[in-house]
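Visitor: I would like to learn how to read a model like this one. Can you take me through it feature by feature?

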Amino acid sequence: MKTFASMKVFARLGILSALAALTPSLAFAHSGGAHVHGFFAGLEHPLFGMDHLLAMVAVGMIGARAGGRSIVHVPLFFVSAMVAGAFLGMAGIGLSSLETGIALSLVVFGAMVGLARPLPLAAAAALTALFGLFHGNAHGLESPESAGGIAYAAGFMLATSMLHAIGILSAVKLARWPTTVRTAGFVTSLVGMAVAAQAF
């Protein structure tokens with residue numbers, strides 16, 4: 001019975017990975033242009049990019065699984081690094097291998113959620129901050145230096161924080177079903193691998 005259940009889980013993971021590989025337009029939401037204007041555009045943007053959605057929720061889950069101060073500190077480190085990366089981008093400084101770094105964030109964050117034992121606060125905060133730089137830099141590079149761009153950044157930060165909260169609540173509510181949480185992490189990693197393959 002357990003073998004059959006495991007096969008079903010892996011079959012679902014395979015299907016999700018295949019779908020991710022076949023939907024490049026959903027995978028990356030960094031097309032630049034007019035969409036980076038205004039608060040509401042920033043608020044909705046993370047919800048329509050698979051890379052952002054999965055990464056932000058995963059960060060919340062990582063913090064919740066680590067427990068204690070990590071529930072607040074891990075998302076806070078991510079958002080702080082995201083802001084720093086955005087400022088770099090707005091100054092015209094782009095990180096190398098940007099899209100690959102964002103894709104790898106899904107792989108790493110998914111693995112962190114899927115681990116049987118959560119990482120200590122220092123390690124979790126450092127990793128989430130590192131990839132927060134990449135996520136922020138991508139949007140800083142495409143944000144105009146105007147009131148519209150600042151409003152967009154504010155909306156994006158709020159949406160990011162909301163997705164972190166959803167990740168925290170999900171991990172807390174599913175604490176009695178650790179296999180479900182771990183499976184969600186492995187799915188995120190597989191999606192990240194599929195997205196990374198597109199970036200090469």
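Guide: Start with one loop residue. Ser97 sits in the loop between α5 and α6. Keep in mind that this is a predicted model.

Visitor: What is the phi of Ser97 near?

Guide: Phi of Ser97 is near 50°. That is a positive value, and the residue is not a glycine.

Visitor: Is Ser97 buried or exposed?

Guide: Residues over 50% relative accessible area count as exposed. Ser97 has 53%, so Ser97 is exposed.

Visitor: Now the overall fold. How many helices and strands are there in the protein?

Guide: The protein has nine helices and zero strands. Read from the N terminus, the order of elements is α-α-α-α-α-α-α-α-α.

Visitor: What share of the residues counts as buried?

Guide: The protein has 200 residues, and 42% of them count as buried. For the surface, look at area and atom type. About 9,800 Å² is exposed, with 74% of it supplied by carbon and sulfur atoms.

Visitor: Which residues account for the contacts with a separation of 6 or more?

Guide: Sort those contacts by sequence separation. Pairs 24 or more positions apart make up 84% of them.

Visitor: How do I read a pair of packed helices?

Guide: Two packed helices are described by the angle between their axes and the distance between the axes. Take α3 (residues 39–48) and α4 (residues 50–66). Their packing angle is about 85°, and the axes are 5 Å apart. That makes α3 roughly perpendicular to α4.

Visitor: Which residues make the contact?

Guide: α3 brings His45, Pro46, Leu47 and Phe48. α4 brings Met50, His52 and Leu53. Sorted by class, the α3 contact with α4 has five nonpolar residues, two polar and no charged.

Visitor: What about the largest nonpolar core: how many residues does it have?

Guide: It has 33 residues. Those with the most contacts inside it are Met56, Met61, Ile62, Phe78, Phe109 and Val113. Next, ask which helices feed the core. At least two residues come from each of α4, α5 (70–90), α6 (98–114), α7 (121–142), α8 and α9 (178–199). The most come from α4, with eight residues.

Visitor: Take Met56 from that group. What is Met56 in contact with?

Guide: Set aside the neighbours within four places in sequence. Met56 then contacts Phe78, Met82, His135, Phe156, Thr160, Leu163 and His164.

Visitor: Where is Val57 found, and is it buried or exposed?

Guide: Val57 is in helix α4. The cut-off for buried is under 20% relative accessible area. Val57 is at 19%, so it counts as buried. Beyond its neighbours within four places in sequence, Val57 contacts Leu163 and Gly167. Check the backbone as well. The C-alpha atoms of Val57 and His164 are 5.1 Å apart, although 107 residues separate them along the chain.

Visitor: Where does Ala171 lie?

Guide: Ala171 lies in helix α8. With a relative accessible area of 8%, Ala171 is buried. Apart from neighbours within four places in sequence, its contacts are Met61, Ala64 and Arg65. C-alpha to C-alpha, Ala171 and Gly60 are 8.0 Å apart, with their positions 111 residues apart in sequence.

Visitor: How should I read Ala154, which is also in α8?

Guide: Ala154 belongs to helix α8, residues 147–173. Its relative accessibility is 38%, so Ala154 counts as partly exposed. Now compare sequence with space. Ala154 and Phe39 are 115 residues apart along the chain, and their C-alpha atoms are separated by 6.4 Å.

Visitor: And where does Ala126 lie?

Guide: Ala126 lies in helix α7. Ala126 is partly exposed, at a relative accessible area of 47%. Pair Ala126 with Phe78: 48 residues apart in sequence, 8.7 Å from C-alpha to C-alpha.

Visitor: One last residue. Is Ser189 buried or exposed?

Guide: At 6% relative accessibility, Ser189 counts as buried. Ser189 is in helix α9. Leave out its neighbours within four places in sequence, and the contacts are Leu106, Val107, Gly110 and Ala111.

Notes:
Residues are numbered from 1 along each chain as its sequence is written. This is a predicted model: local features need pLDDT of at least 70, side-chain atom pairs count only at pLDDT 80 or more; totals for chains, interfaces and linings use all residues. Side-chain values use heavy atoms; hydrogens and water are left out. Helices (H or I, at least four residues) and strands (E, at least two) are DSSP runs, numbered from the N terminus. Buried means under 20% relative accessible area, exposed over 50%, partly exposed in between (1.4 Å probe, protein chains only). Contact means heavy atoms within 4.5 Å. Accessible areas come from the Shrake-Rupley method with a 1.4 Å probe; for residues, only the protein chains shown count as cover. Axes are lines fitted to C-alpha atoms, for helices over the stretch in contact, and angles run from 0 to 180 degrees between N-to-C directions. Angles under 35 degrees count as roughly parallel, over 145 as roughly antiparallel, 65 to 115 as roughly perpendicular and the rest as oblique. Ala, Val, Leu, Ile, Met, Phe, Trp, Tyr, Cys and Pro count as nonpolar, Asp, Glu, Lys and Arg as charged, and the others, Gly among them, as polar. A nonpolar core is a set of buried Ala, Val, Leu, Ile, Met, Phe, Trp, Tyr and Cys residues joined through side-chain atoms within 4.5 Å.
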